[in-house]
Amino acid sequence: MTDHIRLTNVSHGHGDKLLLDDVSLTLTSGERIALVGENGSGKSTLLRLLSGQVAPDVGTVTASGTIGYLAQTLNHPPSDTVRQVIDAALAGIRWLEAEMRTLEAGLGSAGAAELARYGDLQTRFALHGGYDADARVGSAMQHLGLGDVTRNRPLSSLSGGEQERLALACLLADSAAILMLDEPTNHLDDDAVTWLERRLTSHRGAVLAVSHDRDFLRTFATDIVELDGDRRKLQRYGNGYEGYLLAKQAERRRWEQQYQQWLDAQEIERSKAAAVEQHMGYARVHDGDKMGYDFKQGTVQKAVTSQKRNALERLRRLEENPVDRPPQPLALSARFGGRSLRGDVITVSGLRVDARLAVPSLTVAAGERLLITGPNGAGKTTLLNAIAGNGQIDAGSVRQRGRLGYLPQELDPPVNPSQRLLPAFADGLRGDIDELADRLLNLGLFKSADFLVPVGGLSAGQHRRVALARLLVGQYDVLLFDEPTNHLSPVLSGELEEALAGSAGTLIIASHDRALRRWFADLGGSELRLDAGQVVRLRAA
């Protein structure tokens with residue numbers, strides 16, 4: 001039987017929020033599906049449903065074949081060692097091995113039944129790749145940048161990214177028929193992502209991966225499934241990532257046409273009602289027969305009144321069934337970099353932060369674009385924090401000129417969790433609340449229904465979009481971004497690049513995103529590459 005997993009007429013929610021409404025999906029062997037959608041729409045919840053981690057409120061999930069599930073966080077206590085995590089991931093193989101060892105102790109006097117059971121265990125152990133399971137784990141860890149991590153290290157000594165890569169290595173070492181992966185390229189460098197792409201595209205079973213990585217989507221996916229958080233529906237697109245982009249462009253054009261047609265229809269009905277009103281004021285029937293005149297006048301007035309009533313009724317129906325205005329493409333404030341600063345705006349001299357970072361000198365001129373690259377742990381975030389004035393500095397100095405905005409990779413939790421989204425966005429920004437609400441709505445990062453949601457109930461990705469929105473509408477001279485495309489949909493990532501490309505201010509970006517780095521190279525900006533906290537290359541534009 002072909003390995004498959006099937007979601008049938010499923011509805012499911014979290015708390016009082018409905019995330020999925022009567023959705024169906026089938027995944028079969030040979031298919032590689034990428035699941036995309038805005039953060040908070042329910043992608044991780046859908047993955048947990050498909051992998052059997054949770055049961056749906058309504059509907060069914062059926063599977064034929066073993067399922068491997070990779071969550072975004074490793075579900076082990078910090079005191080567990082790397083070896084314990086590996087053993088838990090290989091629990092089935094470890095059990096078979098333990099049973100074999102127990103039987104081996106008594107093989108000298110074993111009967112036919114024991115010998116038959118031992119032979120069966122050997123066969124199952126070999127079919128599951130038990131003889132080279134640890135070698136596969138070691139190879140996966142090596143390819144994922146964990147070759148120096150010893151088995152006796154506690155998880156508490158590993159970074160969050162290292163823990164995620166360990167979970168991925170374990171999953172791929174005992175590969176199930178059906179793989180469910182939640183953001184598998186997070187915290188991977190270029191070499192590790194390339195290896196993962198080869199590994200997944202050669203997988204004989206089925207794979208479903210949640211991802212915002214546009215290059216990964218382009219290489220990996222045979223189909224794209226988009227989860228629409230507003231309609232709580234799934235839409236499947238064939239022909240890979242390029243087919244998805246073309247389909248989204250066509251959808252956008254149809255939406256714009258429908259919106260314009262709705263506006264035009266309203267204007268037509270208003271004009272008809274106004275014309276009828278005018279006609280009622282001036283319509284007269286000139287006839288010498290007064291009785292005939294009164295009769296004809298009454299008939300005309302009734303007809304005109306009916307026309308007006310019909311026009312107003314059509315207008316009412318149009319207004320009761322509006323077509324939402326398509327969001328405008330992301331755009332930076334016109335005042336970004338508008339102060340026309342001259343000279344250097346960032347000057348770094350003899351900077352040292354523990355043993356994590358050492359930058360002898362770095363200057364960034366007004367209007368310059370600087371990309372900071374390097375593997376995980378190279379010091380990119382440490383440098384951005386130092387430039388932004390948010391991190392410790394053990395030696396040297398960092399000087400800034402102009403107003404600086406910063407989107408860090410990790411945001412602090414909200415000070416007031418009960419505060420609504422719109423006031424949280426507007427806090428400290430110029431303009432009245434209605435003007436700011438319109439500006440936020442135009443960005444397309446949130447719908448008006450989100451404005452009343454308490455910030456304590458937002459997902460990490462939604463918090464990040466609030467911070468991004470504040471940067472986009474703020475009046476800054478210098479913008480710092482640490483992994484700006486994290487938690488953005490592929491379409492929004494492209495819009496952000498277009499917005500930044502047309503800016504006049506100073507941009508400093510740290511990113512693993514291969515598509516963004518190619519875009520940045522086309523802009524002709526400078527590149528600073530770090531490795532192990534040291535500057536290994538500084539390439540000017």
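**Enclosure, spread and salt bridges**

Me: Which residue follows H11, and what is the sign of its phi?

Reply: H11 is followed by Gly-389, whose phi is positive, near 80°; helices here are DSSP runs of H or I with at least four residues, strands are runs of E with at least two, and both are numbered from the N terminus. The model is predicted, so local features need pLDDT of at least 70 and side-chain atom pairs count only at pLDDT 80 or more, while totals for chains, interfaces and linings use all residues. Residues are numbered from 1 along each chain as its sequence is written, and side-chain values use heavy atoms, with hydrogens and water left out.

Me: Why is helix H11 called largely enclosed by the rest of the structure?

Reply: Buried means under 20% relative accessible area, exposed means over 50%, and partly exposed lies in between, with a 1.4 Å probe and protein chains only. In helix H11 (residues 380–388), 7 of the 9 residues are buried, and therefore the helix is largely enclosed; among the buried ones are Lys-380, Leu-384 and Ile-387.

Me: What makes the protein chain more spread out than a compact globule?

Reply: The globule rule is 2.2 Å times the number of residues to the power 0.38, and the radius of gyration is taken over C-alpha atoms. For 541 residues the rule gives 24 Å, whereas the radius of gyration of the protein chain is 30 Å, well over that value, so the chain is more spread out than a compact globule. Along its principal axes the C-alpha trace spans about 130 × 70 × 40 Å.

Me: Why do Glu-242 and Arg-218 count as a salt bridge?

Reply: A salt bridge requires a side-chain nitrogen of Lys or Arg within 4 Å of a carboxyl oxygen of Asp or Glu, and the side chains of Glu-242 and Arg-218 meet at 2.6 Å, N to O. Glu-242 lies in helix H9 (residues 240–282) and Arg-218 in helix H8 (residues 214–220), so the pair ties together parts that are 24 residues apart in sequence. Salt bridges that share partners join Asp-215, Arg-218, Glu-242 and Arg-518 into one network.

Me: Why is Arg-124 called partly exposed, and with which residue does Arg-124 form a salt bridge?

Reply: Arg-124 has a relative accessible area of 33%, and therefore counts as partly exposed. Its salt-bridge partner is Asp-120, the closest N and O atoms being 3.6 Å apart, and Asp-120 is likewise partly exposed, at 38% relative accessibility. Both residues lie in helix H4 (residues 112–127), 4 residues apart, about one turn of the helix.
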